[in-house]
Amino acid sequence: MRMQKQLNFIRNSIVEIFNNYKFFFLVIFLVLLSYNYYLSYYSAIATSQDMQWYPSTLLWDNLNPYQEYLNGREWFLSQNPNYGHFLYILMYPLTTLEWENVKIIWAILSMLLYIIIMLLFLYKGKLSLAFVLFISVFLVAGYPLSNTIGNGQISIFIAFFTTIAWIYRKDSLIITSLALSIVFVKYSFGLPILFAFLLAGYYKQVVIAGLINLLTIFYFSVAFNISILESALLPLKVAMSTGVGPIDLMSLGKLLVDNNYIDIKISFLLIILVFLLYAGYILKNYKLLSDSAIIGSGILLSLVLFFHLGYDHTMFIISIFILKERFKASSIIIILSSILSIFLWQIGRINSLFHLDLHVSTNMGIPYTLIISILTICLSFYILYTDRNNKIDAILKNEISPL
């Protein structure tokens, strides 16, 4: 209790300082964001190697991009088609443009979408400007945001549509379903996040999102005369060639095998176990858990269960913003989530500052990957545990009526 009072005092002091110098802090943030965007834009113009324009153009030239890649076709940059089928249909408008123009459009869209995400949580999510700027400044000053824009990655788009699904989950079946269907195209985010929405009770939205993606799998099956199962497995076959990420269980399993610590890949068994525990806890305590806790913790799990490189850590901010709608800024949940996220966003800067020669976006080694993944999984379950206990305490104090 004493510690919480101290945290509340610190939080109130920060808010008071911000309110007194709001214009000054806003200008500083905008200058920092502009500088980040300036560097990101020119990096995107020079590279954008991960953007999925090339496989999309193959599809609209009546070629199966997955099969072309697997058959050893000479490929364009690093645009390996390891995403869901729906993405390559959605990207049709960009396939009508030249690559040099597409890079510019994708970079500008990424920049705009991040600003829109902040505005949505400000005006729809009812978060305070002080909190949004305070958390955002650490992401903007870190490496994942500029890295995802410079690489032409899709992470900001996934963050945007996750935000849309969250904001409109109770207001529009169509908007939420469409947003989740787009989130699903990046399986490493889509599967855990849709699972979280399902456990939170948004059955229709998840089913519709799944059906939309199933239809695109069926389309590929018909268009290229292959079985539905073969069509569904194609992105996974391409994804088997991916490398090692910094904090996820799939990468940890691969590192253990590659370094001869174990002989079998245990990552999928661990992932299934975590999912079963996660689902079991939620189903057992469903009436005592909020949407924020279920979906916010689900996003955290998505980052440590399936393969991700460092640019995907942009998604941590969406988890924090969603959790903030349930927990106070001075709560231990928000503080722990923020500390973890800020550390991962800033590890690249720390690496550069001290010349540590770490591959912060990819392989960080077994000890680092093991520690961070375990801490993040524990934090995800602690969020659910705390949310449940808060609800019980409120019921016991007669602050709300028992369900």
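Colleague: Which residues make helix 11 meet helix 13?

Modeller: In this predicted model, helix 11 contributes L173, T176, S177, L178, L180 and S181, and these meet K204, Q205, V206, I208, A209, I212 and N213 in helix 13. Sorted by class, the residues of this contact are 7 nonpolar, 5 polar and 1 charged. K204 is the charged one, because Lys counts as charged.

Colleague: Why is helix 11 called oblique to helix 13?

Modeller: Helix 11 spans residues 173-183 and helix 13 spans residues 203-223; they pack at about 50°, and their axes are 8 Å apart. Angles under 35 degrees count as roughly parallel and those from 65 to 115 as roughly perpendicular. The value of about 50° fits neither range, so helix 11 is oblique to helix 13. Their crossing is right-handed.

Colleague: What makes helix 7 roughly antiparallel to helix 8?

Modeller: The angle decides. Helix 7 (residues 99-123) packs against helix 8 (residues 129-140) at about 155°, with the axes 10 Å apart. Because the cut-off for roughly antiparallel is over 145 degrees, helix 7 is roughly antiparallel to helix 8. This crossing, too, is described by its hand: the crossing of helix 7 and helix 8 is right-handed.

Colleague: How do you know which residues of helix 7 and helix 8 meet?

Modeller: Contact means heavy atoms within 4.5 Å. Y114, M118 and L122 of helix 7 meet L129, V132, S136, L139 and V140 of helix 8. The contact divides into 7 nonpolar, 1 polar and no charged residues. The polar one is S136, because Ser is not on the nonpolar or the charged list.

Colleague: Why are helix 16 and helix 17 described as roughly antiparallel to each other?

Modeller: The axes of helix 16 and helix 17 (residues 291-305) cross at roughly 175° and come within 12 Å. That angle is over 145 degrees, and the two helices are therefore roughly antiparallel to each other. I271, V274, F275, Y278 and I282 of helix 16 make the contact with I294, S297, G298, L301 and L305 of helix 17. The classes here are 8 nonpolar, 2 polar and no charged. G298 belongs with the polar residues because Gly is counted there.

Colleague: How many cavities does the model have, and what is the volume of the largest?

Modeller: The count is 1 cavity of 30 Å³ or more. The volume of the largest cavity is about 40 Å³, which lies above that cut-off. The cavity is lined by D50, M51, Q52, Y83, L87, M91, W106, G152, Q153 and I154. This lining holds 6 nonpolar, 3 polar and 1 charged residues. D50 is the charged one, because Asp counts as charged.

Colleague: What makes a space a pocket and not a cavity?

Modeller: A probe inside a cavity cannot get out, whereas a pocket is an open set of points. The largest pocket has a volume of about 1,100 Å³. It is lined by 36 residues, of which N82, A239, M240, T242 and F307 are the closest to its centre. Two or more lining residues come from each of helix 12 (187-199), helix 14 (228-239), helix 15 (249-258) and helix 16 (267-284).

Colleague: Which helix gives the most to the lining of the largest pocket?

Modeller: Helix 14 does, with 5 residues. By class, the lining of the largest pocket comprises 18 nonpolar, 13 polar and 5 charged residues.

Note on methods:
Residues numbered from 1 in each chain as written. Predicted model: local features only at pLDDT ≥ 70, side-chain atom pairs only at ≥ 80, totals over all residues. Heavy atoms only, no water. 1 Å grid on protein atoms, 1.4 Å probe; cavity = no way out; pocket = protein on both sides within 12 Å on 5 of 7 lines; lining within 4 Å. Points joined across faces, edges and corners; volume = space filled by probe spheres on them. Axes fitted to C-alpha atoms, helices over the stretch in contact; angles between N-to-C directions. Helix = DSSP H or I, 4+ residues; strand = E, 2+ residues; numbered from the N terminus. Left-handed = near helix turned anticlockwise from the far one by under 90°.
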